[in-house]
Structures are given as C-alpha cells and as structure tokens.
Amino acid sequence: METPFVHQLPADAVRAKRARAISLIGPTTVALGAIWGILQPYRVTLLHPRGQGVWWLLIEPPLLVAVAGLIFALVVAKPLLSDLEEHDAAAR
Amino acid sequence: MLPHAEMVHWGFAAGILLVGLCLLAEAIVGQEVWRMRPWRRYLWPGIAFGMGVLLWPVMAFFTNSSIHMYAHGSWAEVLMLAGGAELGLVHGRLRSRWWRLTWPLAFAVTGIAFIVHEQNPWFFARSAFLHHLLGWTFVIAAVVPLLLAWRPRSAVLQGAFAAVVLLVSVQLLADRDVAPVFGHLSPIAGAQHR
C-alpha cells in the first residue's frame, strides 16, 4: 500500500503543535487569573466594591492576569496565528 | 490619592507578564514569523522601554530613602537602555548584536539593586522575602540573556528568557506591603494587610 504523504506528517505535526501552543497561551493565562480569583476572592474587590478606594477597584491582581491574557489572545495571538498559517503555507 | 506600593508592583507585574507572553510566543513561532508584521517587532521592546520610563515617576513618588531612590533609578536606567537597544536592533538602526549585552547588564544591575536595597532579612515579611528572591533570580538568570547575545536564534534560550520574565512577573504579583511569608511575619513589620 502506498502512502505518499506520510513523509510530510512530522513537519505538519510540528506546525500544528506551534499553532496550538500559540492559541492556548491567552486562554490559559485568562484561566489562571480566573482560578486565582476563585481561590482568593478577597483579592477581587469588584465582588465587594462598597467602601473600596479607586486604586483597589482598578488594580486587582487576578483581573490584571486575566486582562493580560485577553489582550494577548486578541491583539497578539490572533494575527500571529494567521501569519503562522501564511508562512507555513508558503513553506509547503 | 497615591496607590499603595504593592499596587504599583502589581501594575508592573502585568506589564512584565505581557512581555513574557510575547517572548514565549516569539520563541514558539520563531523570529521570522514574529517579525512578519512591523508593529509586532516593536511590541515587547516598546513595553520594556515604556516600563523603564514609568519607573522614573515611581522613583520620584514612592521611594522613602536614598537607597530606594538609587535602586528604582538604576532599574529605570537599565530598562530604558536595554529596551531602547532592542528597539534600535529590531528597527535596524543598531546593527551590532553586542547591543544585546544590555539585557544581561540590566538583569545584573536589577538583581544587585534588589538585594542591596532590601534592608531586612528573608523572613521579615513577604515583601522582604520577594526582594531577596527577585534579586537572586535576576542575578542567576542574567546568564540566559548573556548566552542569547551569542546565540540569538536559539529557541531553547529564547524560551528560557521568556520563562525567567514570566517567573519575575509571578513573584511581583505575589507581593504584599505587609504580609507573612510561609507563616513568618516580624512583629516590627507593622499591621498585616487583608
């Protein structure tokens, strides 16, 4: 039985792995921020905003982590994935 | 009206986290793909340079002793130098790869400043512990950007650089103004925060 495309699989697998890794970075970071917020809800002052100062409401570490992950996913990862796809298509 | 010191640390930690995520992505896809869009090549060096600029107001408004002022001032200087050199390199204005030695210099200066300006022992309070830990992390990890100056395309070294930056971010996020560390809090540290 002929398998003419088998020799291309490792390179394709590497490309798929890279794309999957990039697409997972943002959601994983957001999830870590969310898990931190669940484990230490008192760090998320938006859950009990009454009487909090402006800085306590603006700077909440679990939310900062989640926002960093969200910004990465939307601003960096999305166009990077399309560039990676374009680059891989040109390399094939 | 000024935020607590711990909040400033968390704000910088978020910026460092974003830099770390970008470095990680660059290590995964490689420099060729990462630099396909012009704006992306300036992204993490720009954030690093911007954080260096922002360290000056931190130095002016948040330092309560000469040694704190020198430490924050030296961080501002080396971060601006390394971020600016990286911006020059990706733009093409700077051509010598030895400009990348500004990163190990920044790491070494930052680490030494952390260790020297922390006057209390490791288990005095969490902030003291983290200052010592951050200092030694920077001093030991300076070898990573040093090796990157010789092998700038090494994916392993790029990944290690990203991991160090992410580790620094986690350490800064763990900071509290007055809080115990592994159950230890000196009675002279002050009232524990929530």
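Two residues are in contact if their C-beta atoms, placed from the backbone, lie within 7 Å. With that in hand, let's work through some exercises.

This is a predicted model, in which local features need pLDDT of at least 70 and side-chain atom pairs count only at pLDDT 80 or more, while totals for chains, interfaces and linings use all residues. Residues are numbered from 1 along each chain as its sequence is written, and chains are lettered from A and ligands numbered from 1 in the order in which they are written.

**Exercise 1. Describe the fold of chain B and its overall dimensions.**

Step 1: begin with the contacts. Among those in chain B between residues at least 6 apart in sequence, 69% join residues at least 24 apart.

Step 2: list the elements. Helices (H or I, at least four residues) and strands (E, at least two) are DSSP runs, numbered from the N terminus. Chain B has 9 helices and 0 strands.

Step 3: compare the radius of gyration, taken over C-alpha atoms, with the globule rule, 2.2 Å times the number of residues to the power 0.38. For 194 residues a compact globule would come near 16 Å, and the 17 Å of chain B agrees with this. The C-alpha trace spans about 55 × 30 × 25 Å along its principal axes.

Step 4: look at burial. A residue is buried if 20 or more other C-beta atoms lie within 10 Å of its own, exposed if 12 or fewer, and partly exposed in between, with C-beta atoms placed from the backbone. In chain B, 41% of the 194 residues count as buried.

**Exercise 2. Carry out the analysis for chain A, and add the confidence.**

Step 1: chain A has 3 helices and 0 strands. Its radius of gyration is 20 Å, well over the 12 Å that the globule rule gives for 92 residues, so chain A is more spread out than a compact globule.

Step 2: the C-alpha trace of chain A spans about 70 × 25 × 10 Å along its principal axes. Of its 92 residues, 23% count as buried.

Step 3: turn to pLDDT, the predictor's confidence in each residue, from 0 to 100. Chain A averages 87, and 90% of the residues score at least 70. Within chain A, confidence is lowest in helix α2 (residues 54-58), at a mean of 80, and highest in α3(A), at 93.

**Exercise 3. Which elements of chain A supply at least two residues of the side that touches chain B?**

Step 1: count the contacting residues. There are 21 in chain A and 19 in chain B.

Step 2: assign the chain A side to elements. α1 (9-39) and α3 (61-91) of chain A each supply at least two residues. α3(A) gives the most, with 13 residues.

Step 3: sort that side by residue type. Ala, Val, Leu, Ile, Met, Phe, Trp, Tyr, Cys and Pro count as nonpolar, Asp, Glu, Lys and Arg as charged, and the others, Gly among them, as polar. The side of chain A that touches chain B divides into 17 nonpolar, 2 polar and 2 charged residues.

**Exercise 4. Follow α1(B) from its geometry to its place in the core.**

Step 1: check its length. The expected span of a helix is 1.5 Å times one less than its number of residues. α1(B) has 25 residues and reaches 36 Å from its first C-alpha to its last, close to the 36 Å expected. After the helix comes Gly30(B), with a positive phi near 90 degrees.

Step 2: check its burial. Of the 25 residues of α1(B), 23 are buried. Gly15(B) lies in this helix and counts as partly exposed because it has 18 C-beta neighbours inside 10 Å.

Step 3: find the core, meaning a set of buried Ala, Val, Leu, Ile, Met, Phe, Trp, Tyr and Cys residues joined through C-beta atoms within 7 Å. The largest nonpolar core has 68 residues, and those with the most contacts inside it are Leu21(B), Leu23(B), Ala25(B) and Leu79(B). The largest share of this core, 18 residues, comes from α1(B).

**Exercise 5. What do the buried residues of α9(B) pack against?**

Step 1: pick out the buried residues of α9(B), which include Gln158(B), Phe161(B), Ala162(B) and Val165(B).

Step 2: name the partners. The buried residues of α9(B) pack against α3 of chain A, together with α1, α7 and α8 (143-150) of chain B.

Step 3: see one example. Leaving out residues up to four places away in sequence, Leu23(B) touches Trp44(B), Gln158(B), Phe161(B), Ala162(B) and Val165(B).
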